[in-house]
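Reader: Hi! Could you walk me through this one in plain words?
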Amino acid sequence: MNPMLNIAIRAARKAGNIIAKNYERRDDIVTMEKSKNDYVTNVDKASEEAIIEVIKKSYPDHTIITEESGALEGSDNDVQWVIDPLDGTTNFVKGLPHFSVSIAIRVKGRTEVAVVYDPIRNELFTAVRGEGAKLNEQRLRVENKRDLSGAVLATGFPFKQPKYMPMQFNMMQSLIEEAADFRRTGSAALDLCYVASGRLDGYFEYGIKAWDVAAGDLIVREAGGIVTDYNAGHSYLKAGHIVAAAPRVLKEMLNKIQPCLAEDLK
């Protein structure tokens with residue numbers, strides 16, 4: 001096994017155990033509002049600390065970029081661990097059992113290793129660049145649909161920037177002319193993994209951060225899918241918008257999404 005994958009799995013499982021134990025002890029969860037409708041809990045922070053501890057033990061020089069602590073610069077900035085210690089915090093706070101730990105390892109600007117762990121279902125999604133993607137030990141392939149007809153698509157709402165809500169609804173209105181239905185699960189990392197495993201046919205969202213999708217991005221691509229931004233480019237880790245699907249479905253999704261884009265996103 002790739003040595004960095006091994007450490008990433010160890011870190012994700014350790015964090016997942018903390019999350020699962022606290023999920024069962026709901027009275028101990030302390031929730032703080034970072035900004036309107038955006039929450040962090042003591043469990044996010046404990047999960048993040050556990051991940052950092054595991055990484056630092058094996059790779060003390062690597063840089064770590066996390067949702068809650070920002071960038072922890074190491075002497076080796078060529079290797080960056082991009083971490084979301086609890087993707088789906090709102091679900092966790094509400095007691096809705098759908099959230100994950102997301103860890104991506106980027107080397108010289110390219111994602112090489114990815115781990116997304118769902119501690120409630122004990123599902124471990126992994127990928128190494130050029131070696132494919134797996135769910136536990138099962139190989140993953142995207143559902144290779146030929147068009148949008150009958151597709152089930154996941155999305156997320158731009159709740160931090162409500163001015164983009166009309167754009168979101170216009171996109172959904174356009175997509176539902178062909179697609180069958182939508183899901184809004186509350187964990188971008190798991191949405192991408194579900195595309196990779198064929199549980200969903202596509203995913204699109206505005207308002208994502210790099211740590212939300214860096215790991216799931218590689219898992220989709222290693223499962224045979226394509227990931228782009230709304231403009232069919234590759235700047236989704238910086239642009240804040242993303243589309244993922246099998247090649248032909250993605251092309252049709254972009255054809256529906258692009259005419260609906262807000263002027264400042266074109």
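Author: Happy to! One term to begin with: angles under 35 degrees count as roughly parallel, over 145 as roughly antiparallel, 65 to 115 as roughly perpendicular and the rest as oblique. This is a predicted model, where local features need pLDDT of at least 70, side-chain atom pairs count only at pLDDT 80 or more, and totals for chains, interfaces and linings use all residues. Residues are numbered from 1 along each chain as its sequence is written, and side-chain values use heavy atoms, leaving out hydrogens and water.

Reader: Cool. At what angle do α1 and α2 cross?
Author: Helix α1 (residues 3-24) and helix α2 (residues 42-58) cross at roughly 155°, and their axes come within 9 Å. Axes here are lines fitted to C-alpha atoms, for helices over the stretch in contact, with angles running from 0 to 180 degrees between N-to-C directions. Helices are DSSP runs (H or I, at least four residues), numbered from the N terminus. So α1 and α2 are roughly antiparallel to each other.

Reader: And which residues of α1 and α2 make the contact?
Author: Contact means heavy atoms within 4.5 Å. Among them are Ile7, Ala11 and Ile18 of α1, and Val43, Ala50 and Val54 of α2.

Reader: New topic: what domains is the chain divided into?
Author: Domain 1 (3-139) and domain 2 (152-260); such bounds come from an automatic or database domain assignment. Their C-alpha centres lie 21 Å apart. The contact takes 36 residues from domain 1 and 23 residues from domain 2.

Reader: How much area is buried between domain 1 and domain 2?
Author: About 2,200 Å², with carbon and sulfur atoms giving 63%. Buried area is the accessible area (1.4 Å probe) that two parts lose on being put together, summed over both.

Methods: Helix = DSSP H or I, 4+ residues; strand = E, 2+ residues; numbered from the N terminus.
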